[in-house]
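Work through the exercises below with the sequence and the structure open. Each one sets a task and then solves it in steps.

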2 protein chains.
Amino acid sequence: MLDTSTGNARSQHAPEDGRARLRSIDEPEDLRKIAREDLPGVAAELRSELIDIGARGGGHFAGSLGTVELTVALHWVFDTPHDRVIWDVGHQAYGHKALTGRREGLRRIKKSDGPSGFLRRAESPHDHFGAGHAGTSISAALGMVEGAARAGVDRQVVAVIGDGAATSGMSFEALNHAGHLGSRVRVVFNDNGMSIAPNVGGLNRTGDVAGYAKALGLDYLGEVDGHDLPALLTAIEALRDAPGAALLRVRTRKGQGFAPAEADPFRWHATAPFDQATGERKKSAAPPSWTACFADALGRMADRDERVVALTAAMPDGTGLDRFAERHPDRVYDVGIAEQHAVTFAAGMACEGMRPVCAIYSSFLQRGFDQIVHDVALQQLPVTFALDRAGLVGGDGPTHHGGLDLAYLRAIPHLVVAAPRDENQLQHLLATAVESDRPFALRFPRGAAPGVALDPDPKPLPIGRGELLRRGTDLAFVTLGKPIAAALSAAEQLEGLGLSAAVADARFAKPLDEELICELARATGRLVTVEDHALAGGFGSAVLELLAERVPEARVIRFGLPDDFIEHGDPDEQWQQVGLDPESLTERVHAWMRGGGCGV
Amino acid sequence: MLDTSTGNARSQHAPEDGRARLRSIDEPEDLRKIAREDLPGVAAELRSELIDIGARGGGHFAGSLGTVELTVALHWVFDTPHDRVIWDVGHQAYGHKALTGRREGLRRIKKSDGPSGFLRRAESPHDHFGAGHAGTSISAALGMVEGAARAGVDRQVVAVIGDGAATSGMSFEALNHAGHLGSRVRVVFNDNGMSIAPNVGGLNRTGDVAGYAKALGLDYLGEVDGHDLPALLTAIEALRDAPGAALLRVRTRKGQGFAPAEADPFRWHATAPFDQATGERKKSAAPPSWTACFADALGRMADRDERVVALTAAMPDGTGLDRFAERHPDRVYDVGIAEQHAVTFAAGMACEGMRPVCAIYSSFLQRGFDQIVHDVALQQLPVTFALDRAGLVGGDGPTHHGGLDLAYLRAIPHLVVAAPRDENQLQHLLATAVESDRPFALRFPRGAAPGVALDPDPKPLPIGRGELLRRGTDLAFVTLGKPIAAALSAAEQLEGLGLSAAVADARFAKPLDEELICELARATGRLVTVEDHALAGGFGSAVLELLAERVPEARVIRFGLPDDFIEHGDPDEQWQQVGLDPESLTERVHAWMRGGGCGV
């Protein structure tokens, strides 16, 4: 262990002016000019820098502290960027960013004018493969090894995957293929015992990474202390020189070198800005999040219904199931980063009379799409999917926006798809889902819920029935979920412009409230759909499908996400950027009503 | 080995009247009345019956011959259906069907009045979990173990998974979770060295199933000869009595007991009816399949472009890549039943300048949805997806129809989505895809291609440009892919009814040929979309989206798959059932034009 691994929060890192060697590194080739024996000093400076960055700006934190030595060793041993280091997810790659020309940028990480929180090919020639969802690095690296060989390019490719990400099925698929091909892919198995939360799985329990790697046909090169840089360098050199597909286990500690994070790496996985001396975080007085409201509503459902169990794919914090577990500790399963299994495991439980609720982010549930079709909907099993992070997510950017779920879910027969406009509707829709005996998907966004009062008990709502929130005669907004607020506000503004706009909460994207929508279409002749979802195949398309058949004379204008990936940045700015804020809606609807074009 | 394992095709099975014991078994409880020492005789009769069924009616064949003894042992040792045996996929479960009241039905398997080729909960109380896609059994079984425990029901649950299906990531996810929970799930690892084709993967190469199972925290109970029924019974009893999550490796031979199938289990995975004495199959004089045409077109592309490589997820025969491999043996990767990895592996190759073509059935590519979004489209990497079995597939039924791909693919930014109307267009669209430098999906159906002449060379077509195939003034069919033929035929019939119908091949579902479609909409005022795809979010919806914006006064009627799962049966009957045959189209369009309702 290096000195940096111990001591209190203050003593571990030098002041800014003590990072001279780090400041001399603009590219890894600068690092490679530094003598081997001086590298521990570079690592200490890098760690200090990362702590400083986290303290000032927040962000993903503990993972990158654990990979400081590994990052230095990889860029020193390999001829990057000709050789390729493929980081998985990216939570642990802040050090990589710092050594590859983005040291200053890290202070604006996840902001619209700063680097991505993950890896992005567009961001740097050192980011060889974009990341964000877990478990992709070995597949990508193996593809590169094969592709480079075909292209006649002699290069090394290293995948760095955490033991958490290694619980994903696709990482197994890739390792199994690598062991079959035997081609020269290098895998660093970064073993810190953690996913975001403590890691789960039989492999984590046995710790037999050697047996796992060997069974799949990889050369297992043993394990090394990932904070003992001299030993690590030697091990990485052995990895570089291995004749075929090889795996090195590197033991690291998440949060290494910052005592509060070492003590509680779960809580310090990501952080708000904090005081370096005390570890105290700056607090924000945010209203309850949708996530917390979901967790509380689920808790109430579990109170009254023994059949309710909750599943997470390694995101107990992000999904609120840690909060739920405080109330019902024996009703939660963390299955690992294993969305495919999560869905079918839930289906199996439903066969035994349970009412499983899979709490999975919208974009991560894309991993379980086939299982939703094949194992849940086809069999009409009563599994509820709670899709947190639907719509735009802000700083996590394009890999994490949940803008495709309505398109891929509403095509699935038998599935009910709904979205609440506030936390009170959320609890009622959750009750609807659990008590419906049907496959049911419920989407809600990231961030603060509107803050409305809750009815004392969650009560099932009629499936396929919306609610008229505002009367109007010239046009009608038809929407669901978060955009309801913007539609109500736009309707107010349009009133001032002499236009009377109704607002309906459709509540369900499938089945639609056909009567309500057709009635509004007939009454006003002009419908406006709004959704925090791709326009292609989304809620507005469902409305068009209905009206083409039932009220073809009605005119419809649709607002939603454009046919492009939205970059990371401030959530409110993103909302404006795509024109879903009340002012944009007002302006575009006004222009449309005056016949000035559709404004899309 | 039992006697049944050797000898020629004729000597292995008794005539029908020699299967008295088998005929006495209507339910597994009848089997359990038979003495242990008489079970080998039952197995011999069952095998004889399965060979007879295959010879007369065809179907999946070699897999179930390999599991005859296993099937007998499981139903004899466990108290089915109270105890649950969960078969993976179902190719190997014909014997299970025979012992659970469906012996006679098997002679009509996959026909509309016969049982499914896979498992179906609706079909029998012994089919505890539907199957079709590989690797789901352990997840489902583990869910049932946990669910039953919560419900206070004491039951055993056994998952039977082949070594081929075990290459799927979700089976790893489930095993890893089982090893973590330690709950009493039983896994039979049916190891015959085969997927449909010879199995691949590092685990297959090392054969270290013991190491794999132990590393994931399961009790490994050793291996047993799956055709030695006395030994197998003892081993299954040990599995039943294991204290926690346990795995038993059962070595079987695919095709066991029918010499031609033992000699070539790949070719005998599924079969047409055949002569039991000679093994000779009844031939059909079918025109070239879409699959073969795809394989040939891909071969021509690879001839002229060094960058072209082809990927299959364990379906070299079904996708035509075996045929392609005859021409380009070093340009094919079989990655195992690993669609997630296949997509990202292809993305990695594309990073090195390759032009990978992933040949994956439409319904199986649902497994790779997230990777298409996250690793291919977001990074705009030039990977081509060739989706065979798009639309209705006939006998394989609801798990295998490819009726969701347009919905889930066209919402993805940057992706091009196309469908050829014939094999000549197929080769041109494949050239378009490979040479476009864009993420590209190409869907085509199961069955015989139209049989048109091929241009000498595949030539890229302009992306987003369709083709007007027939002029008309009263209405216009706008469609793509296989339904073009029905649309042309319906247009002819409508001519006879006094209606002049244009027919346009849109070619692309994304991007649409906006000019062509808008022009037809303006000229005729009446568009008819036809698709072998779900109506929700499909091609017709894309047309509605366009026209709502550009030609809102046009009327559109959409024909496609209803919002339900379509049962297995004859493909032509399915086509009629959903109203996509020329006669149905003619009738419904005629009614619509006369104002008699939409007919949907």
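Helices and strands are here DSSP runs, at least four residues (H or I) for a helix and at least two (E) for a strand, numbered from the N terminus. The model is predicted.

**Exercise 1. Place D437(B) in its chain and decide whether it is buried or exposed.**

Step 1. D437(B) lies in the loop between α19 (423-435) and β13 (440-445) of chain B.
Step 2. The phi of D437(B) is near 60°, which is positive although the residue is not glycine.
Step 3. A residue counts as exposed if 12 or fewer other C-beta atoms lie within 10 Å of its own. D437(B) has 12 other C-beta atoms within 10 Å, so it is exposed.

**Exercise 2. Do the same for K110(B): where is it, and is it buried or exposed?**

Step 1. The loop between α6 and α7 (137-151) of chain B holds K110(B).
Step 2. K110(B), again not a glycine, has a positive phi of about 70°.
Step 3. The cut-off for a buried residue is 20 or more other C-beta atoms within 10 Å. K110(B) has 22 C-beta neighbours inside 10 Å and is therefore buried.

**Exercise 3. Check the length of helix α20 of chain A, then find which side of α20(A) is buried.**

Step 1. Helix α20(A) covers residues 483-496, which is 14 residues. At 1.5 Å a residue the span should be 20 Å, and the end C-alpha atoms are 20 Å apart, so the two agree.
Step 2. The buried residues of α20(A) are P483(A), I484(A), A486(A), A487(A), A490(A), A491(A) and L494(A).
Step 3. These residues take up an arc of only 155° around the axis, so they are on the same side of α20(A).
Step 4. The spacing fits a general rule: an α-helix has 3.6 residues a turn, so residues three or four places apart point the same way.
Step 5. Among the elements that cover the buried residues of α20(A) are β14 (467-470), β16 (501-505) and α24 (582-593) of chain A.
Step 6. Just after α20(A), G498(A) has a positive phi of about 85°.

**Exercise 4. Repeat the analysis for helix α11 of chain A: which residues are buried, and what do they pack against?**

Step 1. Helix α11(A), residues 229-241, has 13 residues and reaches 18 Å from first to last C-alpha, close to the 18 Å expected.
Step 2. L229(A), L232(A), A235(A), I236(A) and L239(A) are buried.
Step 3. Their directions fall within an arc of 120° about the axis of α11(A), so they line one face of the helix.
Step 4. They pack against α3 (39-57), α5 (68-77), β4 (185-191), β5 (219-225) and β6 (246-251) of chain A.

**Exercise 5. Describe how α3 and α6 of chain B cross.**

Step 1. The axes of α3(B), residues 39-57, and α6(B), residues 94-102, come within 10 Å and cross at roughly 110°.
Step 2. Angles of 65 to 115 degrees count as roughly perpendicular, so α3(B) is roughly perpendicular to α6(B).
Step 3. The crossing of α3(B) and α6(B) is right-handed.
Step 4. L46(B), E49(B) and L50(B) of α3(B) make the contact with Y94(B), G95(B) and A98(B) of α6(B).

**Exercise 6. Locate the prolines P511(A) and P81(B), and give the omega of the cis peptide bond before each.**

Step 1. The bond from K510(A) to P511(A) is cis, with omega near -10°. P511(A) is in the loop between β17 (508-510) and α21 (514-524) of chain A.
Step 2. The bond from T80(B) to P81(B) is cis, with omega near 0°. P81(B) sits in the loop between α5 (68-77) and β2 (84-87) of chain B.

Definitions and conventions: Residues are numbered from 1 along each chain as its sequence is written. Chains are lettered from A and ligands numbered from 1 in the order in which they are written. This is a predicted model: local features need pLDDT of at least 70, side-chain atom pairs count only at pLDDT 80 or more; totals for chains, interfaces and linings use all residues. The expected span of a helix is 1.5 Å times one less than its number of residues. The arc is that of the directions from the helix axis to the C-beta atoms. Two residues are in contact if their C-beta atoms, placed from the backbone, lie within 7 Å. Axes are lines fitted to C-alpha atoms, for helices over the stretch in contact, and angles run from 0 to 180 degrees between N-to-C directions. Angles under 35 degrees count as roughly parallel, over 145 as roughly antiparallel, 65 to 115 as roughly perpendicular and the rest as oblique. A crossing is left-handed if the near helix is turned anticlockwise from the far one by less than a right angle, and right-handed if clockwise.
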